Each structure stands twice: as C-alpha cells, then as structure tokens.
Amino acid sequence: MSKEIKEKKSKKKDSKIVKKIKQYMYKWHRTIGLITIIPVIFWTLSGLMHPFMAHFFKPEIAHDKLEQQIIDKNQLHFSIQEVLQKNEISQFKNFRIVSFNYATFYQVKTIFGELLYFDTSNAKKLENGDQKYAEWLSRYFLDDQKSAVKKSEVVTEFTSQYKYVNRYLPVYKLSFDRDDAMEVYVETSSGKLATYNPTSRQAFIWFFDTFHNWSFIDAITNNSIRIITMIFLLSIIGFSALSGILIYGLLWKQFKKTDSIQPKKGLRKYHRQIGIWVSLFTLTFAFSGGYHATTKWTPYTLSQMVYEPTFKTKEISLANNALDLDWSRFQNASIITLNDTTYFRCQLFEKGKFKTSKVDSGSKWNKKEDKKSEVVYINATTNKVTPNIDLEYAEFLAYYFTDGAPKAACCEMVESSDEPEISLENAKLLESKVLTDFESREYGFVNKRLPVVKLAYDTPEKTTYFIETATSRLAAVIKSSDMVEGYSFAILHKFLFMDWAGKNIRDLTMVLAALTILIVSILGFILFLKK
C-alpha cells in the first residue's frame, strides 16, 4: 500500500510541476506571439507574393539573350590597330566586335573605362555609341521598335529596383513609353539582358524589398542595424515556434485533459489544432531566413572583380583581321595577356552546330543554349593557335583574384572585403572544367554568367572559383560554408525538397505554408483581443 501511495503522490507532484511549467510557457508563447505579429504579417504577405510574381505571373519578353551571329571577315575593312591609330588612341583595355543598326563596330574599352564604338568599314567613331547600342539591345530584347524611350540612364550600383541578384554592373536602364511602363536593364560590355520590369513587377519589387527585406530600415539607419533587427525578430519567432511545438506537441496530453473538462470552441479550438503543424513551418522559415541574413553583412562587390591590363596599340603587331582561323565560324575576338604573352581570344561556333540554331522567344534564363562555342587563343606575334590556354588563363585569374599574382600598375582590381584570403599558390587543384549550362545547384542560373571555368581547390574551405574568361571576371566564389547556407535557404525557405513534384506544386506548397502561418498568427491575435 505504501508503494502505491508514494506513486500517487509523485504523480500529483509531477502534474503540479508540469502545470506550472505549462502556465509560464503558455504565457511566454502568447507574449512572444504578440511581439512578432507585425513582422510575421510583413514576412508572410510578402512571401506569399514572391511565388505568384516570380512564377505564376512572371512577365514574358520576346528575347532573353542576344542571338550570336557569324561576323563576316569582309566587314572588318580596318583592323583594331588601324582604327585606334586613326583615332589617336595609343592605349586601351580591350575590344570586341558588335553588330547593330545594320553596321559592324569595334567596341573599345578605354583606359578610363569608357566604351567607344568605331565603324569597322571606315574607322569613324559613332557618337553616343554606348547609349545607341543600349537602346538597340533593349528594343531587340523587347521586340519593340516603335515605343519611345522616356529615359536612358547608367546604373553604377545596385538599387531598390535593381537588386544585387541581377549581378551585372554597370548597366543601362531604359524606360519605355508603353502601357506597362517597361524598364529594361542591359550590360553593353557583353550585350546581356540583366533584367526587365513592367509596372506590375516594379510594384512587387518595392513591396517585397520593403516588407520582406525591410529596406525601410536602411533608409532610417544602415544595413547592419537592419540585419541585427531582422535576426533578433526571427530569433524570437523561432522561440515562439519552439514553445508552440512544446505546448501543443510534447505536452499535448495535458491539454487534452483540460479540453475534456472544459472543451475549447471557435477560434481557440482551431488555433490549437493547426498550431503544431504551423510551428514546424514557422521554425524552418525563421531559421533559414535568419541564417541567410547573416550573409548580408558585407556589400556585394563581385561585379568589381575584373582583370583589366592596359595594352599599347603599337605593341600589337598582328592585325585582328589577319588571324589564321576558320572565319566561316567566327563569332568574336578580344585580347588577353598571360605569362608576358599577348593572345587574341577568338570565339567560334562549334563545327556543325551553327547552321541549325533558332531563336526561341519562350526561352528562360536556365534553359540550355541552342548553340555552343569553341574558344581558341592565337598568339598575337606568331599567329599560331596555342591549345589549352583557356584553363590556364582561368587558373591565373583565380590566383590573381586571391591576391596571389603580382599587381602591376596596369592591372587594376578594386579592393574588396569579399576577396578570398587564402593564396592558391600551394593549393592543389582538384577539378577544372568548362560549364556551358547552369547545370548544378552549385552554379545556378542566378549567377547569370556563362560559359565559365570551374576550378575547385583543396583549401580548408574547399573553395571553388567560377571564372568567365571571356570578360576576365570572377563570376562566383563558393566555399563549403556558402554551400551549407545555400542548401539551408533552398530547402527550408524555398522548399527545394518539393522539386520532385515540379515547380508549380513546390511554389503552391510554399504559398499554402505561408498562408497558414499568417492565418494562425491572426487567429492568435484575435484571441488575445477577445480575452
């Protein structure tokens, strides 16, 4: 009998402790919920809009990339050297060939960073050439030759409407006089479409930036305060979700006992019924969002990571229109220096591929290109092709961007806190290959630049560099810590685990999860007001 009495007493004692814990937990859960009701509404509403605007109601454009054409050698009446000498340009950064408005031009980057255009048939300079090319590109992408351009401006830094996710800088922003008030952003140095925003998308970007990224805090204080505020509130939301799981999950039996004595009705009943499931989604959103916010401390400076030595016109003896190559496949040419040797970097269509290509007006950023290119390097002194230089040049650029290569006065690169700190001088190269498609999670279409050379090194952070040799740019740097955060955000915030069902179902699941969190939060707030 004494044993049974002791067991009953201990059970009663246990139930009192549980009751006390439960009482305080419920009190804190309610308090935390009230503190975060406004942030939760902001984040869920803007989060709801993202899949709708980014996928279900995504605006279309006639062409999302410039169709590559074969450049006729006969159009290059003057070599780049002759053109520069005629226009008294003794030094330059680089050049390439562009065709627009029924003419072919040398696009020359000066030592001051300007882009000048010279007609290849007469060596004459095209006045306001960069602006004219930007307008031509915009009209090509839109397939609109009639609408007037209301405004044309150069964007040199990311803005609330032109976010860092677009990658390219500097770009031209052209605003068209159309019903949809279309704004098109183009990078003239590469002929790439950066992004395009009709009125609906402009409004969405503002709403999302204001209520999801909390850009309004930037306007009041600075980026650091914004991130700290967001992480603080996301942490509180995370604790709220955890307390919800504990109350309605681990202590569910205790609640069932009280419910049988005094059944809960109406809003209170539904708030508790779906609270446990919602807490799980809230926890994943809050954790991944907070983790993602920690990566935003430093500004995006990848657009400044470019290798641009200065070339002297008189020192390049070989004319670019006298190169020994298959001109029937010729797409473009530029110039590089490697190991104190100057090369013409020539881009050719792959054999047998260039005749069958068609423009696909419905193509997407992540769609595979119809045509592939072959890259050859021709020695600017001997006029001979030097094989395997593309990978060697990419390795040199990776070394250069880690501050390992010597920086002569001619070789400019903006200093950045984002620069990799570990020198690659003694690091083993584990993998090197050319990527012509956005084929993996590691280098997705969000990185924009293609083709790139992938270089994976055996460093403590397992750093992988993606180099765009066509522009001598660092396209992306991925470390093991970046991959962990990337997968956290993709799986827990963007529901990557639902990819097997297709993008429509995945986005619909995200919408339902955010909508449920919003409803439960509002139900909880209404309960508080009633009480």
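This briefing describes salt bridges, a nonpolar surface patch, a helix and paired strands in one structure. The model is predicted. A search of the whole structure finds 21 salt bridges. Helix α4 is mostly covered, and strand β2 is largely enclosed by the rest of the structure. An open sheet of 4 strands is also present, with antiparallel pairing.

**Salt bridges**

- Side chains of opposite charge can pair when their charged atoms come close.
- Asp64 and Lys65 are joined through their side chains by a salt bridge, with an N to O distance of 3.7 Å. Asp64 is buried at a relative accessible area of 7%, whereas Lys65 is partly exposed at 31%.
- Arg329 forms a salt bridge with Asp326, at 3.0 Å from N to O. Here Arg329 is buried, with a relative accessible area of 5%, while Asp326 is partly exposed, with a value of 30%.
- Asp458 and Lys462 meet in a salt bridge of 2.9 Å, N to O. Asp458 is partly exposed at 37% relative accessibility, and Lys462 is partly exposed with a relative accessible area of 45%.
- A network of salt bridges links Lys151, Glu153, Lys173 and Glu183.

**Nonpolar surface patch**

- Ile505, Leu508, Leu512, Leu515 and Ile519 make up a nonpolar patch on the surface. Together these residues have about 400 Å² of accessible area.
- Ile519 lies in helix α12, which covers residues 503-530. Ile519 is partly exposed, with a relative accessible area of 41%; this value passes the threshold of over 30% that patch residues need.
- An α-helix has 3.6 residues a turn, so residues three or four places apart point the same way.

**Helix α4**

- Helix α4 comprises the 14 residues 129-142. At 1.5 Å a residue, α4 should span 20 Å, and its end C-alpha atoms are 20 Å apart, so the expected span and the model agree.
- Of the 14 residues in α4, 10 are buried. Among them are the aromatic-named positions Tyr133, Tyr140 and Phe141, together with Asp130 and Arg139.
- The buried residues of α4 also include Gly129, Ala134, Leu137, Ser138 and Leu142.
- Asp143 follows α4 and has a positive phi, near 55°.

**The β2-β3 hairpin**

- Strand β2 spans residues 94-100, and 5 of its 7 residues are buried, so the rest of the structure largely encloses β2.
- β2 is joined by 7 bridges to strand β3, residues 103-109, and the two run antiparallel. Within this pairing, Arg96 stands opposite Gln107 of β3.
- β2 and β3 form a hairpin that has 2 residues between the strands. Asn101, in the turn, has a positive phi of about 50°.

**The four-stranded sheet**

- Strands of a sheet pair through backbone hydrogen bonds, either parallel or antiparallel.
- The open sheet has the strand order β5-β6-β7-β8, with antiparallel pairing. Its edge strands are β5 (149-155) and β8 (192-197), each of which pairs on one side only.
- On average, neighbouring strands of this sheet are turned by 20° against each other, direction ignored.
- β5 is connected to strand β6, residues 171-176, by 6 bridges, and these strands run antiparallel. Val155 has Val171 in β6 as its bridge partner.

Methods: Residues numbered from 1 in each chain as written. Predicted model: local features only at pLDDT ≥ 70, side-chain atom pairs only at ≥ 80, totals over all residues. Heavy atoms only, no water. Salt bridge = Lys/Arg side-chain N within 4 Å of Asp/Glu carboxyl O. Buried < 20%, exposed > 50% of the residue type's maximum accessible area, 1.4 Å probe, protein only. Patch = residues over 30% accessible without salt bridge, like charges linked within 9 Å, V, L, I, M, F, W, Y side chains within 5 Å. Areas by Shrake-Rupley, 256 points an atom, 1.4 Å probe, with all protein chains shown as cover. Expected span 1.5 Å × (residues − 1). Pairing = 2+ DSSP bridges. Axes fitted to C-alpha atoms, helices over the stretch in contact; angles between N-to-C directions.
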